[in-house]
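Reader: Hello! I have a structure open and would like to learn how its descriptions are justified. Could you take me through it?

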Amino acid sequence: MPIPPAGADRATVENELAAARANDADWRHGRTFSLVYYAGEDVLAVIRAAYSTYIHENGLSLDAFPSLRRFESEVIAFCAELYGAATGSLTSGGTESILMAVKAARDHARAHHPEIVAPEILVPVTAHPAFDKAAALLGIGIVHAPVGADLRVDVEALTALVGPNTILIVGTAYTFPHGVVDPIPALAALAASRGILCHVDACLGGFVLAFAREAGGEAVDFDFRVPGVTSMSADLHKYGYAAKGASVVLYRDRALRRHQFFVTTDWPGGIYGSPTMAGTRPGGGIAAAWAVIRHLGREGYVRLSRVVLETSRRLREGIAATPGLLILGDPRHSVFSFTGEGLDIFAVDERMRALGWHLDRLQRPAGVQMIVTPAHEHVVDAFLADLRACTAEVREGGLAAVADGAIYGALTSIPDRALVRDLVLDWIDGLDQP
Ligand SMILES: Cc1ncc(COP(=O)(O)O)c(C=O)c1O
């Protein structure tokens with residue numbers, strides 16, 4: 001496909017953009033339960049203005065843009081204070097934050113434990129795949145620890161997996177699949193007792209958990225106030241309500257963060273140093289992260305946390321009361337998942353999709369996941385009514401998923417995982433085909 005030979009005026013381009021979005025997920029009206037964290041039109045206006053003001057500024061050079069330097073250092077300072085960290089860095093998202101924490105751990109081990117030649121990180125099976133990606137990219141090993149019946153990591157089983165090559169133990173607060181918090185104090189104590197680093201992945205839950213007590217929810221110990229926690233990730237572009245492209249990776253001490261940085265001194269293009277993965281960094285993401293924190297303040301985060309905790313509780317109660325549905329584990333905050341008891345949950349999900357609700361699918365066990373945001377406050381009754389109807393239809397009709405739900409179900413249970421991997425590679429490979 002050649003690039004269009006002639007250009008188009010702004011109105012034409014804008015019309016084409018608007019038309020192209022017609023079938024995209026409807027996040028404004030609470031029909032989508034992941035991917036977008038929408039906190040209302042006022043917050044959207046604030047981040048949009050900040051982002052577009054800084055659309056061309058480049059966070060690669062904070063000397064050229066002292067305002068960005070100020071925003072970035074203030075965002076890090078706000079987050080460090082919130083979680084009790086010494087310092088940190090602003091990244092483009094959870095995956096980059098995790099990548100940086102794992103790089104810091106690897107290079108820390110190289111400097112302080114030269115006897116470890118084949119370093120490994122030890123993560124729960126429910127930890128985000130960003131850890132697998134980090135291990136693959138950084139050329140280190142990864143060991144997965146099982147979870148217990150409550151879907152939190154089984155500390156005893158994990159302890160048995162600690163070996164002489166373990167450089168980092170990971171816990172999640174809260175997990176993407178089930179919204180439960182791993183036993184962070186036990187993991188951090190174990191790590192500290194063996195002289196191992198401990199990372200808490202609070203990418204998803206960090207900006208709710210920090211305000212949970214004030215918002216009338218359940219407080220948990222998950223940050224640097226827990227002895228032994230050495231690094232942490234928390235995503236501003238999730239429950240921080242920032243524009244996409246903002247997360248923080250935080251450290252207990254500055255010396256550990258130094259291992260995250262990259263410097264090359266002899267490049268003809270100049271002496272080059274950068275704190276994180278990216279070279280050029282969009283100024284918009286940095287400015288919008290600062291702007292949303294400035295706009296919401298602590299009060300705003302407590303208010304929004306109250307909304308998501310309360311909305312999530314109402315949804316969980318409605319689902320638990322629906323015959324044939326079962327909440328997985330004991331999630332207490334704003335993310336949870338559920339499965340079918342004696343019915344095909346993907347068949348229910350397929351019917352919900354036909355009604356315009358988009359939930360994420362899970363495997364091992366099969367289930368669907370809900371990430372509850374302020375956008376869902378006013379859809380609880382409509383959602384539960386549709387879910388009850390779809391569940392009853394599947395239960396009473398003995399129906400199973402037939403279309404995409406059946407394909408997904410089959411993919412999750414094919415024993416040959418190499419085949420599934422190839423199918424997914426083919427699918428990614430084909431995404432550029434119109
Ligand atoms: C617990 C957890 N960690 C890490 C990530 C990765 O974040 P991102 O998609 O911003 O890279 C996610 C994303 O949902 C997550 O839920």
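Author: Gladly! Let's begin with Tyr241, which is found in the loop between β6 (231–234) and β7 (247–251). Helices (H or I, at least four residues) and strands (E, at least two) are DSSP runs, numbered from the N terminus. Tyr241 has a positive phi of about 60° although it is not a glycine. This is a predicted model, in which local features need pLDDT of at least 70 and side-chain atom pairs count only at pLDDT 80 or more, while totals for chains, interfaces and linings use all residues. Residues are numbered from 1 along each chain as its sequence is written, and side-chain values use heavy atoms, with hydrogens and water left out.

Reader: Which residues does a cis peptide bond join, with omega about -10°?

Author: Ala173 and Tyr174 are joined by that cis bond, and Tyr174 lies in the loop between β4 (166–172) and α7 (184–193). Another cis peptide bond joins Arg364 and Pro365, with omega about 5°. Pro365 has its place in the loop between β12 (360–362) and β13 (367–371).

Reader: What makes a residue count as surrounding the ligand?

Author: One of its heavy atoms must lie within 4 Å of the molecule. The ligand has 14 residues around it, and the closest are Gly94, Thr95, Asp201, His237 and Lys238.

Reader: Why is the pair of Thr95 and the ligand called a polar contact?

Author: A polar contact is a pair of N or O atoms within 3.5 Å; within protein, one must be able to donate a hydrogen and the other to accept it, and residues adjacent in sequence count only if both atoms are side-chain atoms. An N or O atom in the side chain of Thr95 is 2.5 Å from an oxygen atom of the ligand, so the pair meets the cut-off. For Asp201, a polar side-chain atom lies 2.6 Å from a nitrogen atom of the ligand. In Asp235, a side-chain N or O atom is 3.4 Å from an oxygen atom of the ligand, so this pair also qualifies.

Reader: Where are the domains, and how do you know that?

Author: The domain assignment gives domain 1 (46–293) and domain 2 (298–420); such bounds come from an automatic or database assignment. Their C-alpha centres lie 28 Å apart. By contact (heavy atoms within 4.5 Å), 29 residues of domain 1 meet 25 residues of domain 2.

Reader: Why is the pair of Arg298 and Glu214 called a salt bridge?

Author: The term needs a side-chain nitrogen of Lys or Arg within 4 Å of a carboxyl oxygen of Asp or Glu. For Arg298 and Glu214 the N to O distance is 2.4 Å, so the name fits. Between domain 1 and domain 2 the count is 2 salt bridges.
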